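Visitor: I would like to learn how to read a sheet in a model like this one. Could you walk me through it?

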Amino acid sequence: MIRDPVFPPCQNACPIHQDIRGYIALVAQGKLDEALALIRETNPLPAITATICAHPCENKCRRSEVDEALSIRGLKRFVVENAANSKGFGVPAAARGKKVAVIGSGPSGLTAAYDLAMMGYQVAVFEREDVVGGAVRIAVPSYRLPTETIQRDIDAIAAVGVEFKTNVELGRNLTLDSLKEDGYEAVLLGLGLPESRSIPIPGIDMKGVLLALPFLKEARNGKSLIEPGVDVIVVGGGNVAMDVARTARRLGAGSVRVVCLESREEMPASPWEIEEAIEEGIEIDYWSKGPKRILGGNGQITGLECKACLSVFDEQKRFNPTYCEEDLTVIEGNVVILSIGQGANISYLKDMGVELNQRGQIIYDPRTLATSRDAVFACGEVVTGPGLAVEAMANGRKAALVIARYLEGAELAQPEPEPVIVGDLLDETKENIKRQERLEVPLLRVEERQNNFTPIELGYTAEMAAKEARRCMSCGAGAVWISGKCSSCLNCVRVCPYGVPVITDFGRIDIRVDQCQACGICYGACPANAIGFNMPGVEDLWSRMKNALQNTKSTKTAPAVLALYCAFDIYDYSGLRRMEEKHPGAALVSIPCLSKIKVADLLKAFEFGADGVLLVGCPSGECAYGQGDVWAEQRVAEAKSLLAEIDLEVERLELRSISGIELHVFDGVLEEFTNKIEILSKA
């Protein structure tokens with residue numbers, strides 16, 4: 001358990017503050033069920049975000065200071081798709097007897113609905129479409145986000161008691177007054193931005209001019225608004241524009257060209273979306289250009305005339321493009337699809353007592369998300385503007401907390417604590433960190449994905465996920481100095497291969513949390529037990545050893561052998577389970593690197609009833625930590641000397657190195673060791 005509220009930069013960058021560090025550590029140890037449970041603590045849409053999240057967390061990953069950032073979203077997807085407990089969340093709190101209506105089932109509305117339901121409120125979500133999911137269900141192409149992935153999250157939210165009502169639209173067959181009459185004590189407007197924007201240029205009414213969201217919606221439903229072979233021009237430089245372009249290609253367009261106001265460096269689309277689009281043959285060559293008029297005759301489009309865009313934003317960073325009307329370019333094409341922004345027509349809210357500004361937007365308090373009408377709140381893109389799905393989720397979570405305070409009569413605006421963030425790595429620390437290449441999530445080959453909507457991401461194998469997870473430096477989750485126990489022996493200062501512990505001007509030890517690499521060498525070397533450890537799987541070792549040995553001894557199979565193995569070096573978890581079944585007299589317990597083993601751990605294993613203790617780790621040079629294998633050898637040697645002093649055969653303790661801990665080798669080593677212990681026990 002983390003003793004201090006120290007956030008790694010990745011967690012701080014995540015709008016919903018997922019414990020990224022924690023669940024990746026669990027992936028690295030093969031504990032996928034625990035990893036999924038940890039993800040669900042803060043994320044009610046794990047399947048959706050694991051598939052399409054733009055992962056702002058990766059931009060702040062400190063691993064990029066050494067080599068490359070971790071593939072955080074790829075690891076989350078592996079967990080979601082491979083954990084045994086792939087459905088459901090926790091148990092909601094006791095019912096409070098109060099009803100809340102959420103209008104809109106996009107990421108913000110779903111998050112708010114889930115959080116409120118978990119707090120014990122009766123929640124109903126009203127959706128204008130005939131399916132639940134908002135923009136991610138309607139507009140995100142299925143090659144990026146399959147329907148079954150979306151439904152997995154929705155079903156889990158429904159399982160905690162959230163009710164979904166489709167084909168119900170505020171302003172058409174639903175009003176705020178009718179909701180109040182039906183007993184809803186609070187209403188949350190999570191309406192999203194469901195309408196594509198157009199532009200008033202000549203030719204805009206011609207046949208063949210389409211809007212992004214209707215085009216994507218029809219494609220999602222298996223229908224095409226374009227004829228095969230047409231030349232398509234997509235106007236826009238964001239992720240939606242990339243979705244439109246790549247969808248048009250899959251629907252049989254002869255060519256697809258993208259034109260946008262921004263320069264190549266300024267394009268708001270995610271870099272990987274642009275790269276994948278180019279791979280699929282999308283022409284993204286018309287930068288810094290704005291539409292002037294649509295060309296054609298007899299109702300048929302022949303092209304788009306564009307003017308040079310000199311700048312997109314003004315000095316105040318506001319969207320305010322300037323053009324050179326004389327610098328013109330003609331782009332040939334038969335279809336023009338506009339992807340230049342989204343909006344919402346919510347003028348009907350004025351008649352329901354919700355004030356709007358001159359631009360037709362909801363007037364609300366950004367601190368409390370309260371609108372001008374009592375008990376009515378607003379969240380998500382309808383108030384924040386376009387953004388990432390995970391940002392909308394964070395806003396929905398804030399709305400849920402505010403609504404809960406409102407219903408319980410508490411102060412709505414409450415300060416949010418500022419987390420302490422792990423600092424940058426020092427150059428001398430970086431020099432000692434082993435470089436490891438990032439493993440990208442594999443994709444379908446280009447020729448396999450251009451003419452169909454098959455999901456293009458293949459996902460990690462177990463081995464790939466484990467290797468990528470083990471690149472995590474567990475920032476801020478390593479050693480913790482416990483002042484009351486420290487005897488100032490300076491052992492930690494001497495043994496750390498990264499130079500993390502230092503002596504302060506006051507003669508105290510400072511284990512610098514922002515430089516610690518979580519190797520655990522100091523943890524095992526401290527004679528006073530004055531160092532704790534925050535990484536999962538370390539401080540609970542005794543309880544796991546005891547339970548495993550008790551289970552083993554209950555089988556009445558002698559002898560009882562404890563096999564402590566490096567969790568960072570095994571990839572075949574199903575094979576490991578089969579191996580456990582094959583050796584009922586052996587208790588297999590993992591630890592994240594044998595460098596974290598203490599001499600006391602080895603002695604305690606015998607106290608818990610082990611007849612023999614086998615340690616299995618990686619050979620010299622393969623450990624991700626500097627000198628990890630060396631310290632494991634030293635601790636085993638020290639423990640053997642103590643066993644000899646109490647007249648217990650030192651052969652009962654053994655350390656073996658297996659490259660990659662190949663299970664067939666591990667199996668043979670375990671059988672050999674068990675046979676040896678059996679002979680010793682009979683002697």
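Guide: Gladly, and keep in mind that this is a predicted model. Let us begin with a single pair of residues: Lys99 stands opposite Tyr184 in β5.

Visitor: What holds such strands side by side in general, and in which sense do β2 and β5 pair?

Guide: Strands of a sheet pair through backbone hydrogen bonds, and the pairing can be parallel or antiparallel. Here, β2 and β5 are paired in the parallel sense, over five bridges.

Visitor: Which residue is the bridge partner of Lys99 in β3?

Guide: That is Gln122. Strand β2 (residues 99–103) runs parallel to β3 (residues 122–126), and five bridges join them.

Visitor: And how many bridges join β5 to β16?

Guide: Three, with the two strands again running parallel. Leu189 has Ala378 of β16 as its bridge partner.

Visitor: In what order do the strands of the whole sheet come?

Guide: The order is β4-β3-β2-β5-β16, five strands in an open sheet with parallel pairing. β4 (163–165) and β16 (376–378) each have a single partner strand, so these two stand at the edges with one side lacking a neighbour in the sheet. On average, neighbouring strands are turned by 20° against each other, direction ignored.

Visitor: Is β5 mostly covered or mostly open?

Guide: Mostly covered: five of the six residues in β5 are buried. As for what lies across this strand, look at helix α15 (residues 389–407), which lies across β2, β5 (184–189) and β16. Helix α15 runs at about 160° to β5.

Technical notes. Residues numbered from 1 in each chain as written. Predicted model: local features only at pLDDT ≥ 70, side-chain atom pairs only at ≥ 80, totals over all residues. Heavy atoms only, no water. Pairing = 2+ DSSP bridges. Helix = DSSP H or I, 4+ residues; strand = E, 2+ residues; numbered from the N terminus. Axes fitted to C-alpha atoms, helices over the stretch in contact; angles between N-to-C directions. Contact = heavy atoms within 4.5 Å. Buried < 20%, exposed > 50% of the residue type's maximum accessible area, 1.4 Å probe, protein only.
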